[in-house]
Amino acid sequence: MPNTVGILSPGDMGHTVGNVLRQNGLRVITCLQGRSQRTRQLAEKAGIEDVPAYPQLVTEADLILSIMVPAQAMSAAAAVADALQQVDTSLTYADCNAIAPQTVRKLGGIITAAGGNFVDASIIGPPPRNPGATRFYASGPNLDTFSELNDYGLDVRPLGDEIGLASAIKMCYASLTKGLTALCTELLTAAQVLGVSDALTAEFQLSQSALFQRMENGLPGMPPKARRWIGEMEEISATFAHVGLTPNILTGAADMYRFVGSTHLADLPPEARDEFPTLAELIQILAKNLKSE
């Protein structure tokens, strides 16, 4: 049974997960070396303790959850592995990031070579502010410690003892949700530039009302996440290429998030909901940016 859980890093998702675990009776710690002021504020808000260095983190934590952008996942695992080699401790490390199965297998090898137990995990759903909204899929040969988080406010769903299964379900699921968001953003921007935005909106409301409602609800809050989603789309592309499918659909989605990430809207923090544009405003801004490139 875990008594202390480490979170790397307590950003939007990570600090919310940490807060749930803390409210359900666990001690939650982190190491904020090199982290932004915003991340420090989120950690403090969630009651997550900051320890000064990684050797202390791996000594005090029974379980570490890695929750960060895909590009940082490998370096975080390497830092933890380095710390594990400096101390005598037992630790379970769960990588909860949106990375390809072949990537997570390499990452897991770094942790196990340093003497740690490794869990392949993935998160589907928003930060777990509301019960039932978020699932934590897990796979690997040593799931006991991670699965016990079911008793501390999380919904953990084991998939089997093979490293890569949890990452695979995340890659396939996010290819639909975030891939569709990218496609909707692209087609609406094109319609605006082509002068058929009003007519297309009317047609969507007539024949695709549920999908258009999804666009209205979801797209305005997407820009603050766009830069983080570039790497996720690239990991999905690599996943599909690895099994012999085309990577091009999702590399295109990455290009769309790269474009959105170049606008001032991407500078908004995710919690600045009052400043988000409407769908129509978002598309007008993107169309204007497109013309100015």
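This is a short talk about the sheet, two of the helices and one loop residue in the structure above.

Okay, so before anything else: this is a predicted model. Let's start with the sheet. It's an open one, eight strands, and the order is β3-β2-β1-β4-β5-β6-β7-β8, with mixed pairing. The edges are β3, residues 49–50, and β8, residues 156–160; each has a single partner strand, so one side of each is left without a neighbour in the sheet. As general background, strands in a sheet pair through backbone hydrogen bonds, either parallel or antiparallel.

Now let me walk along some of the pairs. β1, residues 4–8, and β2, residues 27–30, run parallel and are joined by three bridges. If you want a spot to click on, Thr 4 sits opposite Arg 27 in β2.

Lying across this part of the sheet we have helix α1, residues 12–23. Which strands does α1 lie across? The list is β1, β2, β4, β6 and β7, and the helix runs at about 170° to β1.

Next up, β5, residues 92–95. It pairs in parallel with β4 through four bridges, and Leu 63 has Thr 92 in β5 as its bridge partner. With β6, β5 is again parallel, and four bridges join the two; there, Tyr 93 stands opposite Phe 118.

The connections go like this. β4, then helix α4 at residues 70–84, then β5: that's a right-handed β-α-β unit. Carry on from β5 through helix α5, residues 101–113, into β6, and you get a right-handed β-α-β unit there too.

So are the residues of β5 buried or exposed? Both faces are covered: Thr 92 and Ala 94 on one side, Tyr 93 and Asp 95 on the other, all of them buried. Yes, that includes the Asp.

Let's jump down the chain to helix α11, residues 248–261. It has 14 residues and spans 20 Å from first C-alpha to last, close to the 20 Å expected at 1.5 Å a residue. Its buried residues include Leu 250, Met 256, Tyr 257 and Phe 259, and the list runs on to Val 260 and Gly 261.

Past that helix, in the loop between α11 and α12, you'll find Thr 263. Why does Thr 263 count as buried? Because its relative accessibility is 2%, and the cut-off for buried is under 20%. What does Thr 263 touch, leaving aside neighbours within four places in sequence? Arg 227, Leu 286 and Asn 289 are its contacts there.

That's my tour, thanks.

Definitions and conventions:
Residues are numbered from 1 along each chain as its sequence is written. This is a predicted model: local features need pLDDT of at least 70, side-chain atom pairs count only at pLDDT 80 or more; totals for chains, interfaces and linings use all residues. Side-chain values use heavy atoms; hydrogens and water are left out. The expected span of a helix is 1.5 Å times one less than its number of residues. Buried means under 20% relative accessible area, exposed over 50%, partly exposed in between (1.4 Å probe, protein chains only). Two strands pair if DSSP finds at least two bridges between them. Contact means heavy atoms within 4.5 Å. Axes are lines fitted to C-alpha atoms, for helices over the stretch in contact, and angles run from 0 to 180 degrees between N-to-C directions. A crossover is right-handed if, with the strands pointing away from the viewer, the path from the first strand over the helix to the second runs clockwise.
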